[in-house]
Amino acid sequence: MHWSHKDLLDVSQLSVEEIRHVFETARHFLEINRRPVKKVPTLKGKSVVLFFAEPSTRTKTSFDMAAKRLSADSFSLSKSGSSLLKGESLKDTALTLQAMRPDAIVVRHSFSGAAEFLAKNLYCTVINAGDGWHAHPTQALLDGFTLSQVWESFENREILILGDIAHSRVARSDIILLTKLGARVRLCAPRTLLPFDVKNWPVTLFTDLERACEGVDAIICLRLQLERQEAGLLPDLREYAQRYGLARKHLALAKDDVKIMHPGPMNRGVEISSELADGDRSLILDQVEAGVAVRMAVLYLYLARPGTQLHH
Amino acid sequence: MQADLVVKNVVLNDKKGDLIVHQGKIKEFVPGGTERVQAEEEFDGQGFLLWPSLIDVHVHLREPGFEYKEDINSGLKAAIAGGFGQVMAMANTNPVNDSASVTEFMLEQARNFHPHGPFLHPIGALTKGLTGKELSPMAELAEAGCKAFSNDGLPVENNELFRRAVEYSSDLGLKVIDHCEDSYLSHEGLMNEGEVSAYLGLKGIPSVAETMQVARDILMAAYLDLPIHLAHISCRQSVELIAWAKQKSIPITAETCPHYLVWDETLVQGYNTLAKVNPPLRTKDDVLALQQAVREKVIDVLATDHAPHAQFEKDVPFAEAPNGISGLDTALSLCFGLVLDGVLSNDDLIRLFVQAPAEIFDLKANAFQEGDVADFFLFAPEAEWEVGPETMLSKGKNTPALGQKLRGQVMAHFLRGRLVFNRI
Ligand SMILES: [Zn+2]
């Protein structure tokens, strides 16, 4: 497949065929990652800047490892640790980075639209590693990929996304990707953590967790930012955990082989019980493993020169 | 008949004729033209419509303090080119216009650069430093030349203080202009709360943040039986409250801006910082409600809320961009587009941009009656122009209209019978 995109800003840019192509490519890299020697020379000589203006060890490490396994050189830049960024506008930082001629910039930023802003200002590839509440395309791709490993098809699958939807880029990207693949998506959260106006979203809304769990094939729990309580969106964490924390009793309402996912890092005992996080329905560690493979696939598709063959 | 100036062959209210001006005042409009007048100066108005100079009761001219965005000179240039003969400038400068010295400085700058107009009327700060804590010295400000008081940009939360401000300013014969926003409800909001904000993952500003404060102001005006003017109304619910207040004869007046009549929240898609404004662009339904409200006189006044910013300030991620649309250059053409679309009439525009503002804030307006101030411009309804950095005279090029072609343009502008701007 000819990959025509310059940037990866959101999964809404990708067609179903392209998403399936990412999965195909990731499946191949997943296999490589399970070999004793995990490195391939595919992206030798390419350089990737990991620009994380908002802290995220997990996603950053995953991208870093993905780049290194493809033999690309990766460089990290964090907002706090760099004099480059002090008091400088995002545009100036971006232009400075571009002047160093990287092939791609992977960006995490607390502002929605920051990745799109960089993409408009830069010639090199921009990969969105999460912007504000807006989008987290590689997370959605790895969530979809993880489920594609256990399901043959997404048709008629019921997937519940549970927790702080309003402030979640993971939820927004997951909804787009999973519905594109044919699944039906439910959202469950207290009203204060649902976006105000989602009448045109292809989802069913629930505020009652038990009803939301009826007959679902998978449940994606979202991380609760503990400061939501201070912002007045929740009365207290205990009440939240009781009403919206996923626990054993909910599994009885779901399909027998229901899968449980979480983008991490988890607040055990808040949005998910520890027992379920470690249980046999949990795909949480599979997601982490898939994350490296999916990000390798993304880097490969965006950075390999046209016509470059994938070497085994 | 004696005359200083005759503008010949110009169209006023569908009638072609000559306008006769003497000593800065309108003498007469003679349909069909006149031969008997001996004028010192003649101006050919062939092909143009005659409009009274517009009044903008809500602009930000940025001087003192933010001259890189706009200064009084450039702001007034944009005003005259946009058809405005008088503008009322908000107090959120640096220093804030909360003392006579700032007011006097602003007036002096205007007189220095534009001795023959356009005319600047400063609006004094309602509270010292716009902090919402203590009343500003309103009498001192009125004496120095302020024509109204407002805490625009930083709404007053304290209802008791707001009440006292309305009472005190009424003693001076001046009105309070309120920026209607509950700042708890709008806290950290970046655009209208709704479908688009949900999709883009941007924190929303709910319309109820405006309507809550509109309701407060209506109740306050009713209780005190004193007038309050509501700035930049943006949504249907506010319109409905104002209509109710007017039915009850509560002394409320209100303005909206051209941008709320022509654009909606969908312009923010793609994180377009040029469409970032406060109050935010609302929904299509709100746009329709506002169009109806200005037609039916529920909303009295059109004002630009001209808010120029430097290009680098808008060239940032959406969350970091300042609020505001530069409006003086484009207001008339955007509204004339509504006339061409049959949404408004020319008479509506004259009422909204001239008569009502003059009445509410006690300013001089021109109705082309004998003795009126000879403030008028010649308007080319067929002229098409592209909004761009070169065609805008304001330093602020921040408008969603950038790159758009608009119809209708001011060709020549006369104030007190003197030609002060000429594009012909
Ligand atoms: Zn305002």
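Start where the two chains meet: in this predicted model, 16 residues of chain B touch 22 residues of chain A. Together they bury about 1,600 Å², with carbon and sulfur atoms giving 59% of that area. On the chain B side, E195(B), Y199(B) and Y271(B) stand out, as they supply 31% of the area that chain B buries against chain A, more than any other three residues.

E195(B) also turns up in the charge pairing. There are 2 salt bridges between chain B and chain A, and in one between E195(B) and K199(A) the side chains come to 3.8 Å, N to O. Add to the picture 7 residue pairs in polar contact across the interface. Sorted by class, the face of chain B that touches chain A has 8 nonpolar, 3 polar and 5 charged residues.

Now move to the metal. The zinc ion takes its protein donors from D152(B) through OD, H179(B) through ND1 and H232(B) through NE2, at 1.9 to 2.3 Å. Read along the chain, the donors follow the spacing D-x26-H-x52-H. D152(B) and H232(B) are 80 residues apart, so to speak from distant parts of the chain: D152(B) sits in the loop between β10 (148–150) and α4 (159–171), and H232(B) in the loop between β14 (228–230) and α7 (236–247). Both D152(B) and H232(B) are buried.

Next, have a look at A91(B), in the loop between β7 (84–89) and α2 (100–113) of chain B. A91(B) counts as buried because its relative accessibility is 2%, and the cut-off for buried is under 20%. Beyond its neighbours within four places in sequence, A91(B) is in contact with V96(B), N97(B), I123(B), G124(B), A125(B) and L130(B). Take A125(B): 34 residues away in sequence, its C-alpha lies 5.3 Å from that of A91(B).

L130(B), one of those contacts, has a backbone quirk of its own: phi is near 60°, a positive value in a residue other than glycine. L130(B) belongs to the loop between β9 (124–125) and α3 (138–144), and is buried at 6% relative accessible area. S249(B) also has phi near 60°, but this residue, in the loop between α7 and β15 (252–256), is exposed at 61%.

Finally, check the prolines. The peptide bond from E63(B) to P64(B) is cis, with omega near 5°, and P64(B) lies in the loop between β6 (54–59) and α1 (72–82). Another cis bond joins G117(B) and P118(B), with omega about 10°; P118(B) is in the loop between α2 and β8 (119–122).

Conventions:
Residues numbered from 1 in each chain as written. Chains lettered and ligands numbered in written order. Predicted model: local features only at pLDDT ≥ 70, side-chain atom pairs only at ≥ 80, totals over all residues. Heavy atoms only, no water. Donors = N, O, S within 2.8 Å, 3.2 Å for Na, K, Ca; no water. Helix = DSSP H or I, 4+ residues; strand = E, 2+ residues; numbered from the N terminus. Buried < 20%, exposed > 50% of the residue type's maximum accessible area, 1.4 Å probe, protein only. Contact = heavy atoms within 4.5 Å. Buried area = accessible area lost by both parts, 1.4 Å probe. Salt bridge = Lys/Arg side-chain N within 4 Å of Asp/Glu carboxyl O. Polar contact = N/O pair within 3.5 Å; in protein donor to acceptor, adjacent residues only side chain to side chain. Nonpolar A, V, L, I, M, F, W, Y, C, P; charged D, E, K, R; others polar.
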